[in-house]
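Thanks for making time for this one. Please bring the model up on your own screens, and then I will go through the sheet and the helices that pack in it.

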Amino acid sequence: VNWDHYQDYLQLFSDPAAVEKYADGIPWTLDEIHERMNIWIDRWNNQDPFSAFAIYLKNADNRSFVGHIVLGHSAFEGQSELAFLFKPEFLPFGYAKEAVSAILYGYAPRLIRDQYFVNIGSEYCAAAPLNIVHATARVDNPYHDQALRKAGL
């Protein structure tokens with residue numbers, strides 16, 4: 001994620017339909033979006049790979065923003081939390097499962113292999129090598145639940 005993605009993130013996280021079944025279901029304010037993006041961008045710029053990724057659908061004529069995924073910090077030593085949010089119109093197409101799979105079977109194993117520490121600078125736990133990825137989904141969010149299950153969680 002970088003500041004070029006700000007408008008896409010603003011539309012996604014402030015959209016009541018998109019966040020209805022994400023976390024507490026409350027759209028984020030401009031300040032919350034800015035603050036969260038600042039965290040993700042700062043992490044990436046400081047060589048902390050536990051950050052967020054903007055997901056775009058590329059085709060011949062354009063690039064469509066479809067969603068967001070983050071392999072972030074956690075409150076538990078050695079664990080990273082996986083979270084994702086997609087624009088509602090793209091949920092039925094399986095992009096969330098593809099993104100989750102890419103993180104679980106491509107990105108996270110490389111972080112483990114390269115011995116990156118998760119939770120650097122955390123106030124909740126010590127930094128440690130990544131050994132567990134956990135994700136949560138609301139019970140009323142069938143698309144997130146389905147994406148996690150199809151990806152093997």
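What we have here is a predicted model, and in it 4 strands form an open sheet whose order is 1-2-3-6, with mixed pairing. At the edges stand strand 1, residues 52–58, and strand 6, residues 132–135, and because each has a single partner strand, one side of each is left without a neighbour in the sheet. From one strand to the next, the twist averages 30 degrees.

Let me take the pairings in turn, beginning with strand 1 and strand 2, the latter covering residues 63–72, which pair in the antiparallel sense over 7 bridges. If you want a register point to check in your viewer, L57 has S64 of strand 2 as its bridge partner.

Strand 2 also pairs with strand 3, again in the antiparallel sense, here over 6 bridges, and the register point in this case is H68, whose bridge partner in strand 3 is L85. These two strands, 2 and 3, form a hairpin with 6 residues between them, and in that turn G78 has a positive phi of about 80 degrees.

How many of the residues of strand 2 are buried? The count is 8 of the 10, so strand 2 is largely enclosed by the rest of the structure.

Turning to what lies on the sheet, helix 5, residues 142–150, lies across strand 3, residues 79–86, and strand 6, and the helix runs at about 130 degrees to strand 3.

That leaves a pair of helices, and as a reminder, two packed helices are described by the angle between their axes and the distance between the axes. For helix 1, residues 6–13, and helix 3, residues 30–45, the axes come within 10 Å and cross at roughly 130 degrees. An angle over 145 degrees would count as roughly antiparallel and one of 65 to 115 as roughly perpendicular, so helix 1 is oblique to helix 3. The crossing of these two helices is right-handed.

Which residues make the contact? From helix 1 they are Y6, Y9, L10 and F13, and from helix 3 they are L30, I33, H34, M37 and W40. Sorted by class, the contact of helix 1 with helix 3 has 8 nonpolar residues, 1 polar residue and no charged ones.

Terms used: Residues are numbered from 1 along each chain as its sequence is written. This is a predicted model: local features need pLDDT of at least 70, side-chain atom pairs count only at pLDDT 80 or more; totals for chains, interfaces and linings use all residues. Side-chain values use heavy atoms; hydrogens and water are left out. Two strands pair if DSSP finds at least two bridges between them. Axes are lines fitted to C-alpha atoms, for helices over the stretch in contact, and angles run from 0 to 180 degrees between N-to-C directions. Contact means heavy atoms within 4.5 Å. Angles under 35 degrees count as roughly parallel, over 145 as roughly antiparallel, 65 to 115 as roughly perpendicular and the rest as oblique. A crossing is left-handed if the near helix is turned anticlockwise from the far one by less than a right angle, and right-handed if clockwise. Ala, Val, Leu, Ile, Met, Phe, Trp, Tyr, Cys and Pro count as nonpolar, Asp, Glu, Lys and Arg as charged, and the others, Gly among them, as polar. Buried means under 20% relative accessible area, exposed over 50%, partly exposed in between (1.4 Å probe, protein chains only).
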